[in-house]
Amino acid sequence: MSSLSVFRDIPPAQKLEGSLLKTYKHDDYPSKMFLAYKVCMTEQGRPWISLVVRRTRLQISQDPSLNYEYLPPMGMKSFIQAALELLFGKHSQAIAEKRVGGVHTVGDSGAFQLGAQFLRTWRKNLKTVCIASCQKEQYGLIFQDMGFTVYEYCIWNPKELCSDASLFFDLMEHIPADSILVIGNIIDCRFTQTQWTNLISIIKSKHIFPFFDVPCQGLSTGDLEEDTRLLQYFVFLGSEFFCSQSLSKSFGIYDEGVGILVVAALSNQDLLCVLSQLMNNVQALWGNPPATGARIITSILCNPALLVEWKQSLKSVVENVMLIKEKVKEKLRLLGTPGSWNHITEQSGTHGYLGLNYQQVEFLIKKKHIYIPKNSRINFTCINSRNIDYITQSIHEAVVLTEGSEG
């Protein structure tokens, strides 16, 4: 017996991302390469995980006294406290004054989902969201779905091949008053003290609400404090803001999706009111956060010996990435590849721009089976001793063969 489906008018969704990976998977070439994975990769081409995390996960799984009851809606208190101390410092004045707090969230985007829900309900004057980042950020879709008007600004300068603070401040001059400013991972901008002061002044004068994104603390510079200096400057001056703190990448537990929505308020009383409303939102969104990832992270952050080992593992990853970038730059120099490649080593973090144009990217994909995004922003941890010669030779050919043909 046939009947009409209630879903008969639903078309397939337009693919937002993943088409590059899909094309890569369908490629039968035996030596194909994919340089756009989100996660850190090892020399062996496997997702990186700190050894201390692996040991801690095993110990927790074998603990017979573990209670598998649901966590409270706000999450694990010890995890939230440890995460806040990681973000602001163990001796943070804001933590001592109890004017910063957090909610244990689900996945990398859960904090943005929760924060956007709160702002839509309690700050109806904030209708515009401006996202400033060095790359396309997926959380713009969350704000759009909530009914916000979203503008996205890339502060990567493709001509100068650098993260450009002037692009960021040009945005700040034109951003509408009463907007939400989402600030992505912009550590490469290297603001001067005068620019810091100017940023705070504009935010206050235009009544802008900052919403920070800290996606991988420690993996930009290897220095946990340096990676959050902008955030610490804001909280030191008594600014109010939200922050999405994702901890999955920093610990190598990508499948757990562990994060926090951090709230900075003027007083403990204000903070408690905000957290109480966020708890209502949590109960409507997901009820209770998952515990395993939070247990692993808390066990490490609260154990001095394990903490030292984890910090060292982060430094090792960053040092390895820096070495890979130096090798790529040097090999391109020795090949006589046209142009300057200093921008490769001037960028921090696991991901960065190669500075290739569309034709060069297409050449790498179609002729060399090296899959990279159209903007040429790759994951440098995907490059290892087995593939670096082929990759750099291919980049050299792409640049030489397309030189002078652009436009």
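This talk describes the pocket, the nonpolar cores and several individual residues of one predicted model.

Good morning. I shall begin with the second largest pocket. The space within this pocket comes to about 660 Å³. Its lining is made up of 26 residues, and those closest to the centre are R123, F209, E240, F241 and A264. Which elements supply the lining? At least two residues each come from the helices α5 (110-122), α8 (193-205) and α11 (268-285), and likewise from the strands β8 (209-214), β9 (241-246) and β10 (258-264). Helix α11 makes the greatest contribution to the lining of this pocket, namely four residues. Sorted by class, the lining of the second largest pocket holds 17 nonpolar residues, together with five polar and four charged ones.

I turn now to the nonpolar cores. The largest nonpolar core contains 98 residues, and the members that touch the most others are F88, F168, L181 and W310. Helix α13 gives the most to this core, with nine residues. A second core, separate from the largest, has 30 residues, among them L119, V129, Y139 and V263.

One of the highly connected members, F88, deserves a closer look. What does F88 contact, once its neighbours within four places in sequence are set aside? The partners of F88 are I95, V100, L231, Q232, V235, F241 and V262. F241 therefore appears twice in this account: as a contact of F88, and as one of the residues closest to the centre of the second largest pocket.

Next, helix α2, which spans residues 51-61 and in which V52, V53, T56 and I60 are buried. On how many sides of α2 do these residues lie? They share the same side of the helix, because the arc they cover around the axis is only 95°. The elements against which the buried residues of α2 pack are α10 (248-251), α12 (292-301) and α13 (304-335).

Helix α12 brings me to a pair of residues, I297 and L247. I297 belongs to helix α12, while L247 sits in the loop between β9 and α10. Is L247 buried or exposed? L247 has a relative accessible area of 0% and is therefore buried. I297 is buried as well, and its relative accessible area is 0%. Along the sequence, 50 residues separate I297 from L247, yet their C-alpha atoms are 8.2 Å apart in space. With neighbours within four places left aside, L247 is in contact with F79, A83, L86, V258 and I297. On the same basis, I297 is in contact with F79, L247, F251, I253 and V258. F79 and V258 thus occur among the contacts of L247 and among those of I297. For another distance from L247, one may take K127: the two are 120 residues apart along the chain, and their C-alpha atoms are separated by 29 Å.

I continue with residues at higher sequence numbers. H351 is located in strand β11, which comprises residues 351-353. Its relative accessibility is 17%, and H351 therefore counts as buried, the limit being under 20%. Where sequence neighbours within four places are excluded, H351 is in contact with Y37, K38, R377, I378, N379 and F380. H351 and T381 are 30 residues apart in sequence, with a C-alpha to C-alpha distance of 7.9 Å.

T402 lies in helix α16, residues 388-402. With a relative accessibility of 9%, T402 counts as buried. Beyond its neighbours within four places in sequence, T402 is in contact with Q359 and Q360. From T402 to H369 the separation is 33 residues in sequence and 17 Å in space, C-alpha to C-alpha.

Finally, two backbone angles. What is the value of phi for K98? Phi of K98 is near 55°, which is positive although the residue is not glycine. K98 occupies the loop between α4 (93-96) and β2 (100-106), and at 54% relative accessibility K98 counts as exposed. S376 likewise has a positive phi without being glycine, with a value near 65°. S376 is placed in the loop between β12 (370-371) and β13 (377-379). In contrast to K98, which is exposed, S376 is buried, and its relative accessible area is 1%.

That concludes the presentation; thank you for your attention.

How values were computed:
Residues are numbered from 1 along each chain as its sequence is written. This is a predicted model: local features need pLDDT of at least 70, side-chain atom pairs count only at pLDDT 80 or more; totals for chains, interfaces and linings use all residues. Side-chain values use heavy atoms; hydrogens and water are left out. On a 1 Å grid over the protein atoms alone, a cavity is a set of points where a 1.4 Å probe fits but cannot get out, and a pocket is an open set with protein on both sides within 12 Å along at least five of seven lines; lining residues have an atom within 4 Å of a point. Grid points are joined across faces, edges and corners, and a volume is the space filled by probe spheres set on the points. Ala, Val, Leu, Ile, Met, Phe, Trp, Tyr, Cys and Pro count as nonpolar, Asp, Glu, Lys and Arg as charged, and the others, Gly among them, as polar. Buried means under 20% relative accessible area, exposed over 50%, partly exposed in between (1.4 Å probe, protein chains only). The arc is that of the directions from the helix axis to the C-beta atoms. Contact means heavy atoms within 4.5 Å. A nonpolar core is a set of buried Ala, Val, Leu, Ile, Met, Phe, Trp, Tyr and Cys residues joined through side-chain atoms within 4.5 Å.
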